[in-house]
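Work through the exercises below with the sequence and the model open. Try each task before reading its solution.

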Amino acid sequence: MRVGLVCPYTWDVPGGVQEHIMNLAETLIDLGHQVSVISPADDDTPLPGYVVPAGRAVPVPYNGSVARLAFGFLSASRVKRWLKEGGFDVLHVHEPAAPSLSLLACWVADGPIVATVHTAIPRSRAMHAAEPILQSALEKISGRIAVSEAARTTLVEHFGGDAVLIPNGVPVKKFEKADPLPGWPGPGGALGFLGRMDEPRKGFTILVRAFEMLAAQRPGLRLLVAGHGDADEALARTPAELRDRIVLLGQVSDADKVRVYHSVDVFCAPNTGGESFGIVLAEAMAAGAPIVASDLDAFRQVLRRGQAGELFPTGNAAELAAAAGRLLDQPERRAALSAEASAAVRIYDWPIVARDVVRVYEAVVPAAGRVSVLPR
Amino acid sequence: MIDAIIVVVVVAILGVYVSWRAGRLDRLHARLEARRAALDVALVRRSSVALELASSGLLDPATSLLLASAAHDARSAQNSREWQGGQGQEAGHGREDGQGREDGKNGQELPESDLTRALRAVFGQPGFRSSLDGTDGADELLSELEGAAHQVFLARKFYNDAVAATRAARRTPLVRLLRLAGGAPLPEFFEIEDSLVGTGEAGQGADMPHLTG
């Protein structure tokens, strides 16, 4: 199948949407499809062979912050040319309600169009003002995908109708095997955490309290932390002798991130809410890390009601300490959880996710013919 | 006897002087209010025409959405100022993520500046004007928007002149000593970006903002 993917945000700036499109494109290519991605990018940016640059994105105020977006008649004509040259069987736009390339693509194209909504955005009054403009471009979409329940709710609230839920994928292969960081996990055992330390929803402070309880009785136990943010507030109450056993790596590279998951005996996800899917949890599962996670709806679902990882009452540091302590004492339980996690994460593996996406393509293609370009 | 007459005359002259100063301050405040009203009219007109352009179908939907949302935010700020009795002292316009951006003392300044920046991004595209050549109604709408932007530029300049004059008059010791301004709040300058050409680009040296250089 010839697939045209549209990325609304600059390709070489890190972001969840860009990463999703990259993984989807590469997986579809592996599955034997012909894929072309159009994305805002400078003409001299080094890009993978399947990405066509649509010119530089312009910083412009939108929804209360400055976003880099590609809009205007020049971008539209680049999209048109790409559509004409591509001869696609299906056009797959991402984040179509953002004022960028995806919306332009919906405007100039006709035929089978699939759209994926990534973020849950509360319906704004500004969007209401632009409703007729959005509506006429978006009503051409024949298949809609949401990556999370929250994104689906947003989509239904904004535009009515329904959407298929296909969760974000995890490139399991990239996480399966890696060497632990030198000296980890160490003879005394190690707990792990990944995420922003100063964002309360990530629950880092809860983990620090739990670690203090455990570390007081376990002289060699250490805590490995990867992620940016300010840790001062969370660590303010921590006694100095325990403070030395909390190792902060800061922001790590993708390769080191994989090694972090392999460097700990128990990976902790103490989030207090706001996680629509829990990509960090899925990555830890792909790496086969034994997991202790908050009992959030999303986490319970990903961890198969606790079969693929221990759940503790959200926000309760003592329960987290107890659960992590039990796992540290039982290597055979850890091995069992690790195997369960590796098996459970399979359904989020990109080849599986991409196959579901292809099913959506197949559902819209016969009805709508080929992708054509409208005279605009 | 002669001393008493001198005292009476001096007091009379002082009284006349003070009442003249109070009258002048009053006229300055009235002028300020008139200029503020003119500025409000200009801002409302600019956002209305921007909104009209956004929904005209002349532009692509991405540009329209950007413009509509910027114009809408400006309109909301204008409305909330009206509700607050036009004191220009309302709390900062709510921003969901204030990363690296500070709320001005006046919640209207940021959305109006954002509208200017959005207009600049739209009109700053190379060949923008010629891309709409021959399109029905495009010329009228663009000229109207250009005119509205000029009015904002001028109205703001004249309003800030009035603010400067009023503030200077109120700083004099006599006015402060006798509280001639009463309880009226000290007027604030209205600081926004209103030039449609970025600094250092085409149009440098010209004082008036032009849409297409």
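Helices (H or I, at least four residues) and strands (E, at least two) are DSSP runs, numbered from the N terminus. This is a predicted model: local features need pLDDT of at least 70, side-chain atom pairs count only at pLDDT 80 or more, and totals for chains, interfaces and linings use all residues. Residues are numbered from 1 along each chain as its sequence is written, and chains are lettered from A and ligands numbered from 1 in the order in which they are written.

**Exercise 1.** Place B:Ile13 in its element, and decide whether B:Ile13 is buried or exposed.

Solution. Step one: find the element. B:Ile13 sits in helix α1 (residues 2–54) of chain B. Step two: apply the cut-offs. A residue is buried if 20 or more other C-beta atoms lie within 10 Å of its own, exposed if 12 or fewer, and partly exposed in between, with C-beta atoms placed from the backbone. B:Ile13 has 10 other C-beta atoms within 10 Å, so B:Ile13 is exposed. Step three: compare sequence with space. B:Ile13 and B:Leu178 lie 165 residues apart in sequence and 16 Å apart in space, C-alpha to C-alpha.

**Exercise 2.** Describe the overall build of chain A.

Solution. Step one: count elements. Chain A has 16 helices and 17 strands. Step two: test compactness. The radius of gyration is taken over C-alpha atoms, and the globule rule is 2.2 Å times the number of residues to the power 0.38. For chain A the radius is 23 Å, close to the 21 Å that the rule gives for 376 residues, so chain A is as compact as a globular protein of that length. Step three: check the extent. The C-alpha trace of chain A spans about 75 × 40 × 40 Å along its principal axes. Step four: check burial. Of the 376 residues in chain A, 49% are buried.

**Exercise 3.** Trace the open sheet of seven strands in chain A.

Solution. Step one: set the pairing rule. Two strands pair if DSSP finds at least two bridges between them. Step two: read the order. It is β3-β2-β1-β6-β8-β9-β10 (chain A), with parallel pairing. The edge strands are β3 (51–53) and β10 (164–165) of chain A, and each pairs on one side only. Step three: inspect two pairs. β1(A) and β2(A) pair over five bridges, and A:Val3 has A:Val35 in β2(A) as its bridge partner. Strand β9 (residues 143–146) of chain A and β10(A) pair over two bridges. There, A:Ala146 stands opposite A:Leu165 in β10(A). Step four: look at cover. In β2(A), five of its six residues are buried.

**Exercise 4.** How many residues does each domain of chain A give to the contact between domain 1 and domain 2?

Solution. Step one: set the bounds. Domain 1 covers 2–169 + 350–369 of chain A, and domain 2 covers 172–348; such bounds come from an automatic or database domain assignment. Step two: locate the centres. Taken over C-alpha atoms, 33 Å separate them. Step three: count. Residues are in contact if their C-beta atoms, placed from the backbone, lie within 7 Å. Domain 1 of chain A gives 11 residues and domain 2 of chain A gives six. Step four: name the elements. On the domain 1 side, α6 and α16 (350–368) of chain A give two or more residues. α6(A) gives the most, with three residues.

Methods
Contact = placed C-beta atoms within 7 Å.
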